[in-house]
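This note is intended for a first-year student who is reading a protein model for the first time. Please keep the sequence and the structure in view while working through the numbered points.

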Amino acid sequence: MKRKMNTHGMGAIAFLCLLSLFFQCTLHLPTASAIEATFTPNPADSVENGGTGGPLPVSMQQRRQLLELEAAIVNSQDPSGTLSHVAGQNGMSPEELAGMLERNRNDLQESGQLEGMVGEVNASLQAQQGGGGGGAMSGSIPRRILSLVVSIFVALAKTASVQISRNPKQSTVLAMILVVTFLSVHNAPKNGIVISSGSFPPFSGGHTTVLQPPIDYLERACVNSWEKGGWESSLPEPMEVQSKKSSKSKKKSPKVIGGVGMTGSLELGASNAEEGEVTVETSRSKEEGFALVTTAQTFITLDNNGGEGQEDEEEARDCMYESITAIFQERKFSEFIPGNSGSLKFRSFLVASEEDEEGEDYTEGAVMAVKLLGDFGRYGVQPLCISYEDEEGGESISHCVAFHTLTGGHFDGELRFSVEEKKSNAKGGDLGLVVSVTLAIPKGGRAPPSRLAELMVSSLAQSIATSSQMRMKQTLSRRSQSKGFRARASGRASKKRHMRFVQEKLQEEMAAERKRKWKRNNPDAGHYRPSGHRLKHPHNC
């Protein structure tokens with residue numbers, strides 16, 4: 001029995017010595033997680049049962065490890081808590097563990113080995129703190145954060161595995177929802193969450209996004225399509241259409257409808273719209289060879305636009321011409337879309353190409369994003385390419401630019417923007433600018449719904465008119481400010497010149513008066529002799 005008790009006591013002491021080594025390696029970590037192993041002490045060795053606390057180890061190395069354990073407990077952030085934790089993990093009371101460490105110190109002191117061994121323990125602790133203590137302290141916060149993140153992921157993985165094993169169907173649905181949510185949050189600011197990147201009938205009519213796509217993304221998509229192999233027109237093949245003839249008219253040659261530039265032959269009547277209003281006309285059978293022709297027109301008056309009086313009418317007219325010309329040259333067609341500003345976006349851009357017959361080494365493209373045009377009523381992306389551009393200057397302005405559709409969009413046709421100086425019927429023949437936007441779909445091409453086509457062309461026409469009026473007002477305001485500044489500067493300059501003239505005149509009069517007085521009081525005034533003898537009397541030569 002006694003042998004058995006000694007065996008248990010020696011095992012406890014050996015385990016405590018091993019724990020001391022663990023404490024030395026983990027001084028920078030919380031003491032609560034330093035020791036996890038346990039051992040069973042002999043009850044007969046306890047102090048309450050009349051024992052001496054158990055035998056002490058004979059090995060001096062184990063005695064030193066007990067000193068290191070004592071030093072680790074004393075140097076910890078919470079010595080009492082550390083002592084209680086170590087004792088509780090090993091089935092001991094704090095008093096028993098403290099008594100064992102104290103008896104170890106007393107025995108070493110009686111044998112005269114305490115001072116040397118304490119010095120070695122302190123030196124080893126200082127070496128550990130000096131060599132790796134700084135790095136441990138500096139890396140403790142990142143390590144704790146990393147361990148926290150890892151523990152959270154591990155806990156989530158365990159919880160997910162348990163939930164999947166219990167409810168596999170619900171867990172799968174929840175996982176799919178989470179994946180879709182993360183992808184949506186990631187892709188929404190980049191591309192508006194693309195549903196389809198092209199036309200794949202019958203599943204998709206063309207490039208579609210769930211949310212409003214960034215205009216930069218649309219431009220990049222069109223440029224990438226050009227770099228991969230160029231753009232391909234989506235217009236159907238041109239066809240000959242026999243013109244309707246009356247009984248008195250002669251037989252006419254058939255017209256060619258379709259292809260690039262087909263809107264050049266369309267003629268618009270006089271605008272009946274008043275200023276600030278947009279008239280829309282849609283025809284499906286009036287124009288031969290076209291499946292749909294939708295035109296929106298608005299009128300901008302030129303007389304007294306600036307509100308400055310009749311004398312500034314010509315200036316207001318010039319400002320309006322400059323504004324509308326700049327808008328067509330810069331392709332600012334969707335700056336002021338009425339209603340929801342995100343319902344329609346238009347941008348034009350240039351891409352490098354081979355030199356053509358006119359000597360131009362670039363090609364102009366455009367892209368338009370329209371709400372309700374895409375699949376499931378979402379945003380539809382329509383790529384475009386320029387068809388032609390006509391501009392006439394002089395006393396009357398006339399500017400026209402047209403774009404035809406490319407593959408990958410939602411309809412096949414040509415979009416024409418034009419402005420022309422005309423007399424309006426609704427204004428009693430007053431001269432003004434007629435802004436018109438026309439969408440023409442040839443037969444055999446895909447056409448958008450009529451209401452959507454009317455909304456597109458009317459929004460673009462109203463945006464162009466608003467942009468031109470806004471620019472005209474800004475130009476007139478800048479010119480007015482410039483005129484005022486020049487007038488004030490000219491007035492200040494005239495005043496300075498007048499003051500300088502008055503001062504010089506006074507100085508001249510003062511000089512003349514002084515000279516007159518000097519001649520009157522000086523008898524020798526005016527008698528100058530060039531010989532240099534100025535002090536001699538004139539009769540004493």
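1. R331 is buried, with a relative accessible area of 7%. In this predicted model, R331 forms a salt bridge with E364, and the closest N and O atoms of the two are 2.8 Å apart. E364 lies in strand β8 (residues 362–370) and R331 in the loop between α8 and β7, so the pair ties together parts that are 33 residues apart in sequence. E364 also counts as buried, because its relative accessibility is 11% and the limit for that word is under 20%.

2. It may help to recall the general principle behind such pairs. Side chains of opposite charge can pair when their charged atoms come close. How many salt bridges does the structure hold? The number is 9.

3. A second salt bridge to examine joins D216 and R347, with 2.8 Å between the closest N and O atoms. D216 belongs to helix α7 (residues 215–229) and R347 to strand β7 (residues 344–352), so this pair ties together parts that are 131 residues apart in sequence. D216 is partly exposed, with a relative accessible area of 43%, and R347 is partly exposed at 26%. Salt bridges that share partners join D216, E219 and R347 into one network.

4. A third salt bridge is formed by R479 and E322, whose closest N and O atoms are 3.2 Å apart. Here too the pair links distant parts of the chain: R479 is in helix α9 (residues 450–521) and E322 is in helix α8 (residues 313–330), 157 residues apart. R479 is partly exposed, with a relative accessible area of 27%, and E322 counts as partly exposed at 45% relative accessibility.

5. Helix α7 deserves a separate check of its length. At 1.5 Å a residue, the 15 residues of α7 should span 21 Å, and the end C-alpha atoms of α7 are 22 Å apart, which agrees. The span is reckoned from one less than the number of residues, which is why 15 residues give 21 Å. After α7 comes G230, whose phi is positive, near 90 degrees.

6. Which residues of α7 are buried? They are Y217, L218, C222 and V223. An α-helix has 3.6 residues a turn, so residues three or four places apart point the same way. The cover over the buried residues of α7 includes α6 (168–191), β1 (194–196), β7, β8 and β9 (379–392).

7. The cysteines should be considered next. A disulfide is a covalent bond between the sulfur atoms of two cysteines. The structure holds 0 disulfides. C222 is buried, with a relative accessible area of 8%, and C319 is buried as well, with a value of 0%.

8. Two residues in the loop between β8 and β9 call for attention to their backbone angles. L372, found in that loop, has a phi near 75 degrees, a positive value in a residue other than glycine. F376, found in the loop between β8 and β9, has a positive phi of about 60 degrees although F376 is not a glycine. Are these residues buried or exposed? L372 counts as exposed at 52% relative accessibility, and F376 is exposed with a relative accessible area of 74%.

9. On the surface, I141, I145, L148, V149, I152, F153 and L156 make a nonpolar patch of about 700 Å². V149 is found in helix α5 (residues 114–166). The relative accessible area of V149 is 37%, so V149 is partly exposed.

10. K423 is placed in strand β11 (residues 414–423) and is exposed, with a relative accessible area of 58%. The C-alpha atoms of K423 and L433 are separated by 8.1 Å, and the two residues are 10 residues apart along the chain.

11. Finally, the chain may be viewed as a whole. The protein chain has 9 helices and 12 strands. Of its 541 residues, 35% are buried. Among contacts between residues at least 6 apart in sequence, 62% join residues at least 24 apart. The protein chain exposes about 32600 Å², and carbon and sulfur atoms supply 54% of that area.

Methods: Residues are numbered from 1 along each chain as its sequence is written. This is a predicted model: local features need pLDDT of at least 70, side-chain atom pairs count only at pLDDT 80 or more; totals for chains, interfaces and linings use all residues. Side-chain values use heavy atoms; hydrogens and water are left out. Patches are made of residues with over 30% relative accessible area and no salt bridge: like charges are joined within 9 Å, nonpolar side chains (Val, Leu, Ile, Met, Phe, Trp, Tyr) within 5 Å. Accessible areas come from the Shrake-Rupley method with a 1.4 Å probe; for residues, only the protein chains shown count as cover. A salt bridge is a side-chain nitrogen of Lys or Arg within 4 Å of a carboxyl oxygen of Asp or Glu. Helices (H or I, at least four residues) and strands (E, at least two) are DSSP runs, numbered from the N terminus. Buried means under 20% relative accessible area, exposed over 50%, partly exposed in between (1.4 Å probe, protein chains only). Contact means heavy atoms within 4.5 Å. A disulfide is a pair of cysteine sulfur atoms within 2.5 Å.
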